[in-house]
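Hi everyone, thanks for making time. I'd like to walk you through one protein model today, so let me put it up on the screen.

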Amino acid sequence: MRRLRDRLAGALLSALALTLTATGCAGSSEASSGAGSGAAAPSAAEPVANRVEPLEKRPEPRLPVTVRSADGERVTVERAERIVPLSGSLSEIVFTLGLGDRVVARDVTATFEQAAKLPVVTRGHDVSAESVLSLRPDLVIAETTTGPEEAVGQIRAAGVPVLFVEAAKGLDDVGPRIGAVADALGVPAAGKELTRRSEQRIEAVQGDVPHGEEPRVAFLYLRGSASVYLIGGADSGAGSLIEAAGAVDAGAASGLDKDFTAITSEALVKAAPDAILVMSKGLESVGGVDGLVKIPGVAQTPAGMDRRIVSVEDGVLLNYGPRTDQVLKSVVAQLYGEDGDQ
């Protein structure tokens with residue numbers, strides 16, 4: 001989710017400016033769990049499990065290790081008894097590797113059950129250095145989009161190792177991100193095992209994707225409280241998931257080469273989506289499907305006319321990690337229906 005927020009920052013500012021000067025567009029919400037109100041889909045797909053599934057054999061870290069951080073720094077990890085992952089996706093990896101009992105804090109997007117009771121030390125880009133340092137961490141794991149820079153610098157200046165991991169943009173990033181975290185924790189073999197398991201499960205879901213005409217799917221980011229609607233383009237981060245589901249990213253295919261663009265009727269008509277992909281809380285924030293189709297242009301699309309909406313929990317949709325196979329399975333089931341018919 002954090003990488004999504006980073007890509008959304010500029011687009012949100014532009015959209016908010018548009019809203020203040022004119023529009024009647026409105027929309028969305030922050031990352032969290034929950035089902036969208038009134039969500040209509042071809043099937044009642046089973047939601048993504050709210051728990052992660054750790055590896056059967058709990059690994060024992062072999063430390064110290066020195067690894068290369070994604071920001072170019074060499075980071076030496078001497079202990080990993082108190083770990084602070086600064087995104088929900090990174091927390092998911094640590095817990096699934098079997099080392100969740102060593103995690104002492106979470107980001108607001110770490111909504112799965114095993115992490116839910118941990119103290120929150122980051123919200124979006126508002127990383128609290130003081131909160132992190134008060135927990136006496138041995139290791140902080142951050143996304144390359146984590147900020148603000150001053151807060152991360154303060155943590156490093158206090159002598160705490162900070163490992164940056166490349167932010168995920170698609171399915172190809174699942175293995176490298178798991179490997180980067182596992183290597184830093186001194187459990188490289190567990191990282192390989194989890195990578196293998198994750199990739200095999202994703203491939204199994206892809207093998208069940210119906211063949212035939214590829215539906216056009218538009219990814220909409222909705223924030224109802226801020227009156228913002230955005231449509232994802234080529235760099236939204238959703239394209240890889242949409243393509244894995246046997247569909248076409250309608251935003252990118254219509255020529256939207258940026259990450260996110262404020263929705264207009266013209267943009268939606270050009271994208272002509274057969275289905276719309278949204279985050280659950282975002283859909284809920286606009287009043288469910290009934291509210292979504294009131295956004296100018298939505299009702300005129302094939303997706304709006306058919307009320308064909310695919311909704312996945314905010315905190316897991318674009319994580320590209322150990323639960324991505326479940327995300328993909330949910331998307332496929334909602335998109336095509338349990339019987340595989342569009």
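Before the tour, one cut-off that I'll lean on: a residue is called buried when its relative accessible area is under 20%, exposed when that value is over 50%, and partly exposed in between. Please also keep in mind that what you see is a predicted model.

Let's start with Tyr320, since that cut-off settles its case. Is Tyr320 buried or exposed? Its relative accessibility is 1%, so Tyr320 counts as buried. You'll find Tyr320 in the loop between β14, residues 309-312, and α13, residues 324-336. Its backbone deserves a look too: phi is near 50°, which is a positive value in a residue other than glycine.

Now, where else does a positive phi turn up in a residue other than glycine? Go to Arg136, where phi is near 50°. Arg136 sits in the loop that runs between α3, residues 129-134, and β7. Here the surroundings read the other way: with 56% relative accessibility, Arg136 counts as exposed. So for those of you who check torsions, we have a positive phi at Tyr320, which is buried, and a positive phi at Arg136, which is exposed.

Staying with the backbone, let me show you two cis peptide bonds. One goes from Leu63 to Pro64, with omega near 5°. Pro64 belongs to the loop between α1, residues 2-21, and β1, residues 65-68. The other goes from Gly147 to Pro148, and there omega is near 0°. Pro148 is in the loop between β7, residues 139-143, and α4, residues 149-157.

Next, a sheet. What is the strand order in this open sheet of three strands? The order is β4-β5-β6, and the pairing is mixed. At the edges we have β4, residues 106-107, and β6, residues 126-127, each of them pairing on one side only. Let's take the two pairings in turn. β4 and β5 run parallel and are joined by two bridges; in β5, Val120 is the bridge partner of Arg106. On the other side, β5, residues 120-123, runs antiparallel to β6, again with two bridges. There, Thr122 has Val127 in β6 as its bridge partner.

While we're here, follow the chain into the loop between β4 and β5, where you meet Thr111. Which side chain does the side chain of Thr111 touch in a polar contact? That would be Glu313, at 2.6 Å. Thr111 has 16% relative accessibility, so it counts as buried.

Let me zoom out to finish. The protein chain has 13 helices and 14 strands. How much of the chain is buried? Of its 342 residues, 56% count as buried. The accessible surface is about 14,000 Å², and carbon and sulfur atoms own 49% of that. And for anyone who likes contact maps: among contacts with a separation of 6 or more, 72% are between residues 24 or more positions apart.

That's my tour. If you open the model yourselves, you could begin at Thr111 and its contact with Glu313, then move on to Tyr320 in its loop. Thanks for listening, and I'm happy to take questions!

Terms used. Residues are numbered from 1 along each chain as its sequence is written. This is a predicted model: local features need pLDDT of at least 70, side-chain atom pairs count only at pLDDT 80 or more; totals for chains, interfaces and linings use all residues. Side-chain values use heavy atoms; hydrogens and water are left out. Two strands pair if DSSP finds at least two bridges between them. Helices (H or I, at least four residues) and strands (E, at least two) are DSSP runs, numbered from the N terminus. Buried means under 20% relative accessible area, exposed over 50%, partly exposed in between (1.4 Å probe, protein chains only). Contact means heavy atoms within 4.5 Å. Accessible areas come from the Shrake-Rupley method with a 1.4 Å probe; for residues, only the protein chains shown count as cover. A polar contact is a pair of N or O atoms within 3.5 Å; within protein, one must be able to donate a hydrogen and the other to accept it, and residues adjacent in sequence count only if both atoms are side-chain atoms.
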